[in-house]
Amino acid sequence: MFSKKTKGFTLIELLVVVAIISLLLSIVMASLNSARNKAKDAAIKEAAHQLATIMALNYNDYGSYCQLQPQARWISKDYTCDILLSSGLFSGTYAQKARDICNNMYNNAEEAYSGFTGFRMLIYFSPFASGVCNTFFSWSAYLGNSKWYCVGSSGRGETTDVSGGPGCYGNP
C-alpha cells in the first residue's frame, strides 16, 4: 500500500541552511560597511579639495583669505558651518558656496574621539591673530579610526594618523 513517508526538510537541514545564510549575510554586511566608510572618506577628501579651490579663487579675487577666515574654529554639533555664514565670518562672493561645501564635509565626517568628542572639523589660519588677514589656511575633517584629512593653502592634501588631534593643521 502506501508508505507514510512524508516529503519535506528535517529540522537539522533547515538549521544548516539558516546558518549558511546568516554567515553569508554577515560577510556581505561587513563589506558594505567598509565600502560605505570608503565612500564617506572619498566625499570628505573631494569636499576638502573643493574648499581649497574656493579659497584660492577668493584669494585671487580679493588678495587675501579675509572673507573666508573665521580664525581657528572647531566645527561641531554646537558650532556648525551655517554659523560661519550667518554670523558674518564668511562673506563675499564665495561665502555661500564655501558654507555649502563645509556642510557637505561636516555631514560625512565622523565625530572625533576622547578629548575632541563632538568635534568633526577644524579650520585653521596662520598667522593666528585677531584682525589679521591670514596668509595660510588648512581645513581638517575627522575620517574616523584616528585619521584626519587635511588640505591647505599649499594645495596638497594629506591624511594623518594621530591620536592627539588633527596633526596637519599647523602645516597647511
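User: Which residues form a nonpolar patch on the surface, and how much accessible area do they have together?

Analyst: A patch joins residues with over 30% relative accessible area and no salt bridge, nonpolar side chains (Val, Leu, Ile, Met, Phe, Trp, Tyr) within 5 Å and like charges within 9 Å. Here L11, I12, L15, V16, I20, L23, L24 and I27 form one, with about 820 Å² together; areas are Shrake-Rupley values with a 1.4 Å probe, only the protein chains shown counting as cover for residues. This is a predicted model, where local features need pLDDT of at least 70 and side-chain atom pairs pLDDT 80 or more, while totals for chains, interfaces and linings use all residues. Residues are numbered from 1 along each chain as its sequence is written, and side-chain values use heavy atoms, without hydrogens and water.

User: Where is I20 found, and is I20 buried or exposed?

Analyst: Buried means under 20% relative accessible area, exposed over 50%, and partly exposed in between (1.4 Å probe, protein chains only). I20 sits in helix α1 and, at 47%, is partly exposed. Helices (H or I, at least four residues) and strands (E, at least two) are DSSP runs numbered from the N terminus. For contrast, take D78, in the loop between β1 (73–76) and α2 (81–86): D78 counts as exposed because its relative accessibility is 65%.

User: How many salt bridges are there, and which residues are linked in a network?

Analyst: The rule asks for a side-chain nitrogen of Lys or Arg within 4 Å of a carboxyl oxygen of Asp or Glu. That gives 2 salt bridges, and D82, R99 and D100 are linked in a network. In the D82 and R99 pair, the closest N and O atoms are 2.4 Å apart. D82 belongs to α2 and R99 to α3 (residues 95–108), so this pair ties together parts 17 residues apart in sequence. R99 also pairs with D100, at 2.5 Å between the closest N and O atoms. R99 is buried at 18%, while D82 is partly exposed at 36%, and D100 is partly exposed at 35%.

User: What lines the largest pocket?

Analyst: Rolling a probe the size of a water molecule over the atoms shows where empty space is left. On a 1 Å grid with a 1.4 Å probe, a pocket is an open set of points with protein on both sides within 12 Å along at least five of seven lines, and lining residues have an atom within 4 Å of a point. In this model the lining is S34, N37, K38, K40, D41, E110, L143, G144, N145 and K147. Helix α1 (11–62) and strand β3 (136–144) each supply at least two lining residues, and α1 gives the most, with 5.
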